[in-house]
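Me: I'd like to take a close look at one part of this model with you, and then see how the rest fits around it. Here is what I have in front of me.

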Amino acid sequence: MNSRTADRIATGVFIAIAIIITAILAGLFFYIFVNGFKYISFDFLTTPSSNVRAGGGIRDQLFNSFYILFITMLITVPIGVGGGIYMAEYAKPGKVTDFIRTCIEVLSSLPSIVIGMFGLLVFVNTTGWGYTILGGALALTVFNLPTIVRTTEDAIRAVPRDLKEASLALGITHWHTIKTVILPAAFPSILTGAILAAGRVFGEAAALLFTAGLSTPRLDYANWNPFSDQSPLNIFRPAETLAVHIWSVNTQGLIPDVEAVSSGSAAVLVISVLIFNLAARWIGSMIHKRITATK
Amino acid sequence: MVTALKERTTMDVTAPSHHNDRLESILSVNNLQIFYGEKRAVNGISMEIEKNSVTALIGPSGCGKSTFLRSINRMNDLIPGSYAKGEIIYEGLNILAEDINVTALRKEIGMVFQKPNPFPKSIYENITHALKFAGIKKKSKLDEIVEESLRNAALWDEVKDRLHSSAYSLSGGQQQRLCIARTIAMKPNVILLDEPASALDPISNAKVEDLIVDLKKDYSIVIVTHNMQQASRISDKTAFFLNGDLIEYDRTEKIFTNPSVEKTEEYISGRFG
């Protein structure tokens, strides 16, 4: 076989792989949308779920999903980015650093059901909180944090070395260089990593089953006091998320319209992740343009 | 003065930086050795670098000239396992000492790199970046320094209407002059240039060369170059390095017309390297 034939075959194989991936993704989206889209309505999104009757919505589950995501990111982004900066800029190469890196990798690849069990033990029982949003967010932090650390470290290492040298050569301290040169340059990659991590958190069910629980108290959206039991903002209340809701109506739902609720929820979940991704990317590119003065 | 550099963290950039007393030395290098781990890259060199003149460091790749240059503002500190022995005396102080305030040192001894490396910010912000860190916050003062340093770097006329566009929109030669502008905005005493024109086209190269000659009335300049013509055109003194040794160091005309060492003659006539 001559090299031209080999080249053609390689090109063909890669194109085929690309087509397969795109087809699977498109098929999946198509299936979810066709099945679920017809159930999505304003009512569906704004009424609380029902345990026995048909016609329940997903208002609280949708809110819980975003709220747990928000709390999780609030905990993981500052700590994770800080850890990534440490790993990329301060950690001296050696056995200790290698050990830390291995721990981070193992942590991020733990099965989420195991993290759920760990969360039950620590954030639910040991703390005595019971099922809470905070417990759920902390469980999600366990596998989200390593991802953010890793992404930040990689993003910082990908910043051209000569930018760092340029700043240091002007008599600027290491920390100020990180803050004003390295982090802005690494920002788009860190953001992408955070979005991917957020997508995983948003769709996570197993880790939340035993930490945030399968129920939501009656919420009063006019109540903004975060210490009140009825307030949606209370982080010490149980909260069933959308992903958990899909699982629970399918396995133990008593409602007659299980099909409608789970298909509709699945479509909402996917659309939310999609909107979330696009919005985050758009905001990220706006910020990037602002700091780099590119048009 | 000795304690000043140790304690100084910000610099008065308004201080006059004219040093017109010629032939006075600004840097004294005594038996400098530089190591990368086990490997010795510079073998005990000694030389005086004069104030307000251009000193060229020439020699084949791997001869230690860039390593030497990078040790003058302690950029080698960034390379794990690298360390230096001996002395580089600046203002009566050994700048290789442990307790030197490296940040303050780099404000006084600036550096321009081989590849233009502007920050991914606007032209204006490329210059104000370090000024703001040095504590200059007033807009009018910043504007003034930006204009002055761009003028001194012969770039003002080309960019004055687009100061807030990205530095990446400039050509390679303009980017390099911006890097020079950003260095002189800090009003250093010494400017180190590491093959500053090697990545540029001939016209940009000529502009950067003219600029370097221009700058020596206010600054002491040390330049590493691979280009013999460049060294002979712009420098007052030339040092020839080979395998980590300083082979010959003399006035540039002398080096290029009548070198004392045979190796120098062979190198400048292009017989090796």
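Could you start with chain A: what pattern does chain A follow when read along the sequence? After that, please stay with chain B and walk me through its strands, the side that touches chain A, and the loop that holds Thr225(B).

Reply: Happy to. Please keep in mind that this is a predicted model. Read along the sequence, chain A follows the pattern α-α-α-α-α-α-α-α-α-α-α, with eleven helices and zero strands. The C-alpha trace of chain A spans about 65 × 60 × 40 Å along its principal axes. Chain A has 295 residues, of which 39% count as buried. If you take the contacts in chain A with a separation of 6 or more, 74% come from residues 24 or more positions apart.

One helix of chain A deserves a stop. Helix H3 of chain A covers residues 59-90, 32 residues in total, and reaches 45 Å from its first C-alpha to its last, close to the 46 Å expected at 1.5 Å a residue. H3(A) also has a kink of about 30 degrees at Thr76(A), and the proline Pro78(A) follows shortly after.

Now to chain B, beginning with its open sheet. Four strands in the order E2-E1-E4-E5 make up this sheet of chain B, and their pairing is antiparallel. Strand E2 (39-50) and strand E5 (93-94) of chain B each have a single partner strand, so each stands at an edge with one side left without a neighbour in the sheet. Strand E1 (residues 25-36) of chain B is joined to strand E4 (residues 82-90) of chain B by eight bridges, and the two run antiparallel. In that pairing, Leu27(B) has Tyr90(B) in E4(B) as its bridge partner. E1(B) also pairs with E2(B), in the antiparallel sense and over eight bridges. There, Ser28(B) stands opposite Glu48(B) in E2(B). E1(B) and E2(B) form a hairpin with two residues between them, and Gly37(B) in the turn has a positive phi of about 65 degrees.

Next comes the contact between the chains. Chain B gives 28 residues to this contact and chain A gives 19 residues. On the side of chain B that touches chain A, the elements giving two or more residues are helix H3 (102-108), strand E6 (109-112), helix H4 (123-133) and helix H7 (172-184) of chain B. The residues on this side of chain B comprise twelve nonpolar, ten polar and six charged.

E6(B) is worth following further. Ile109(B) and Met111(B) point one way from E6(B), while Gly110(B) and Val112(B) point the other way, and all are buried. E6(B) is joined by four bridges to strand E7 (residues 190-194) of chain B, and these two strands run parallel. Within E7(B), Val190(B) is the bridge partner of Ile109(B).

That leaves your loop residue. Thr225(B) sits in the loop between strand E8 (220-224) and helix H9 (228-234) of chain B. Thr225(B) counts as buried because 25 other C-beta atoms lie within 10 Å, and the cut-off for that is 20 or more. Setting aside neighbours within four places in sequence, Thr225(B) is in contact with Ala56(B), Ile58(B), Glu195(B), Gln230(B) and Ala231(B). As for Phe241(B), it is 16 residues from Thr225(B) in sequence and 11 Å away in space, C-alpha to C-alpha.

Notes
Residues numbered from 1 in each chain as written. Chains lettered and ligands numbered in written order. Predicted model: local features only at pLDDT ≥ 70, side-chain atom pairs only at ≥ 80, totals over all residues. Buried ≥ 20, exposed ≤ 12 C-beta atoms within 10 Å, placed from the backbone. Contact = placed C-beta atoms within 7 Å. Pairing = 2+ DSSP bridges. Expected span 1.5 Å × (residues − 1). Bend = angle between axes of the 7 residues up to and from the residue. Nonpolar A, V, L, I, M, F, W, Y, C, P; charged D, E, K, R; others polar.
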